[in-house]
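Here is a short structural report on one chain. It moves from single residues to sheets, salt bridges and surface.

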Amino acid sequence: MPMSDPFTLFDDERPASNAVEFTVSELSRAVKRSVEDGFGYVRVRGEIGGFRGRHSSGHAYFSLKDADATIDAVVWRGSWSKLGVKPEEGLEVIATGRLTTFPKKSSYQIVVDNLEHAGLGALMKLLEERRQKLAAEGLFDEQRKRPLPLMPRVIGVVTSPTGAVIRDILHRISDRFPAHVVVWPVRVQGETSGAEVTAAVKGFAGDYGGPRPDVIIVARGGGSVEDLWGYNDEALVRAVAASPIPVVSAVGHETDWTLVDHAADYRAPTPTGAAERVVPVRSECLATLGDRARRLDTAMATHLRHRSEHLRFLSRGLPAGPALVEPLRQRLDIASDRALAALFKATADARRRWYAATQHLSPAIARRPVERAGDRLAVAGARLARAADAGLQASSAARPPRRRSRKVDDAQGILL
């Protein structure tokens, strides 16, 4: 076997390379296939960063990070509505999706199909931050909370129409004090529960086409923090705080607390407790009403008795009734006697004056003025006749004589 030439190692003429030559695009596609085939669907836990809301295209871009690394993430527009948890800055989540590459940046990323809360600690941190923010705005102040109506005629209930919660509420209201109940059906769990409950609270306060409730009950059964997360929605809390109708929250069990419980006018430990708080017991109301009616009758009778005794006590200082009337009656009798005597005296005086006046009257005396007037009238007539004759004579003497004419009075047939 011949020995190899030691100097061939330094020969300038080297044999051709066996490496395959790629274009940039071919290499990117090859890497993309390798990444997708090698990993496929993965679950990645990390904290959301760089999220500024959805893009105008409807897609969402952010990153998942931990203490040592960062990976880009994207949610396509068609997958956004299917997310169980919506991205929020600083939220720790578990992202499920397909690992792929982005050739334009020569980077890899995860196309997210679903988001889940990473753990209770992250949820509680987010919940506490939201609670502090809303509390600073005064939405949880006790001064702004209103009293519940004593006997509501219409009760609005926001809950699932098929669960045990609505059956418990209706049964309890029917037993205690039957009232008209209007149920607004909503999903009590899932990504749309918060928005549906918000719309229900606003709808009851608006013109939804039905009777306006006097009080609203927001209720659902117990569950985990994730199950009740829709009732921590910021929009829902604001709607409850701004509702013109008093709101009673009955979300979960007694140990479960949500932000709606802080904003509501009254927080019931259970849905059944909410029904008991909203309506009184009819039999107890009737018993109370009867008791108060009896107490009112007793108080009225006691008051009248005391007033009667007081009146009798005051009447002792007053004279008796006849004693007050008798002097006046005596004065009236005296005055009537005096008036009658004065009337008789005046009548007698008038009769005497009449008799005295008639003594000076007689027919002869009465004829004297008439006779004197007749004499004066006769004298005056004679004077008038003489004066008339004298006037005629003077007139005839002064006028020339004229031919007398014969006149016949047609009426009398007399010749003048």
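P178 counts as exposed, because its relative accessibility is 54% and the cut-off for exposed is over 50%. The model is a predicted one. P178 sits in the loop that runs between α4 and β7. In sequence, P178 and P280 are 102 residues apart. In space, their C-alpha atoms are 9.7 Å apart.

**The parallel sheet**

The loop of P178 leads into a sheet. Five strands make up this open sheet, in the order β7-β6-β8-β9-β10. The pairing is parallel. Which strands stand at the edges? They are β7 (180–185) and β10 (266–267). Each has a single partner strand, so one side of each is left without a neighbour in the sheet.

Strand β6 covers residues 154–159. β6 and β7 pair in the parallel sense over six bridges. In this pairing, G156 stands opposite V182 in β7. Helix α4 packs on the sheet and touches β6, β7 and β8 (215–220). The direction of α4 makes about 165° with that of β6.

**Two loop residues**

S243 lies in the loop between α6 (234–242) and β9 (247–251). Is S243 buried or exposed? S243 is buried, with a relative accessible area of 4%; the cut-off for buried is under 20%. Leaving aside residues up to four places away in sequence, S243 touches R146, V201 and I216.

D66 is found in the loop between β2 (60–65) and β3 (70–75). D66 counts as exposed, because its relative accessibility is 52%. D66 and I48 are 18 residues apart in sequence. Their C-alpha atoms lie 9.2 Å apart in space.

**Salt bridges**

How many salt bridges does a search of the whole structure find? The search finds 16. Three of these pairs are listed here.

| Pair | Closest N to O distance |
|---|---|
| E116 and R43 | 3.3 Å |
| R45 and E92 | 3.1 Å |
| R172 and E276 | 3.4 Å |

E116 forms a salt bridge with R43. This pair links distant parts of the chain, with E116 in strand β5 (residues 107–117) and R43 in strand β1 (residues 41–49). The two residues are 73 residues apart. E116 is partly exposed, with a relative accessible area of 29%. R43 is exposed, with a relative accessible area of 52%.

The side chains of R45 and E92 also meet in a salt bridge. R45 lies in strand β1 and E92 in strand β4 (residues 92–102), so the pair ties together parts that are 47 residues apart in sequence. E92 is partly exposed, with a relative accessible area of 29%.

Between R172 and E276, the salt bridge has an N to O distance of 3.4 Å. R172 lies in helix α4 (residues 164–176) and E276 in helix α8 (residues 271–278), so this pair ties together parts that are 104 residues apart in sequence. R172 counts as partly exposed, at 28% relative accessibility. E276 counts as partly exposed too, at 32%. Elsewhere, K133, E137, E234 and R238 are joined into one network by salt bridges that share partners.

**A nonpolar surface patch**

Which residues form a nonpolar patch on the surface? They are V20, F22, L27 and V31. Together they have about 380 Å² of accessible area. V31 lies in helix α1 (residues 24–39). At 40% relative accessibility, V31 counts as partly exposed. Patch members must have over 30% relative accessible area.

**The chain as a whole**

The chain has 11 helices and 12 strands. It has 416 residues, of which 29% count as buried. Its accessible surface comes to about 28,600 Å². Carbon and sulfur atoms account for 57% of that surface.

What share of the contacts between residues at least 6 apart in sequence joins residues at least 24 apart? The share is 67%.

Note on methods. Residues numbered from 1 in each chain as written. Predicted model: local features only at pLDDT ≥ 70, side-chain atom pairs only at ≥ 80, totals over all residues. Heavy atoms only, no water. Patch = residues over 30% accessible without salt bridge, like charges linked within 9 Å, V, L, I, M, F, W, Y side chains within 5 Å. Areas by Shrake-Rupley, 256 points an atom, 1.4 Å probe, with all protein chains shown as cover. Salt bridge = Lys/Arg side-chain N within 4 Å of Asp/Glu carboxyl O. Helix = DSSP H or I, 4+ residues; strand = E, 2+ residues; numbered from the N terminus. Buried < 20%, exposed > 50% of the residue type's maximum accessible area, 1.4 Å probe, protein only. Pairing = 2+ DSSP bridges. Contact = heavy atoms within 4.5 Å. Axes fitted to C-alpha atoms, helices over the stretch in contact; angles between N-to-C directions.
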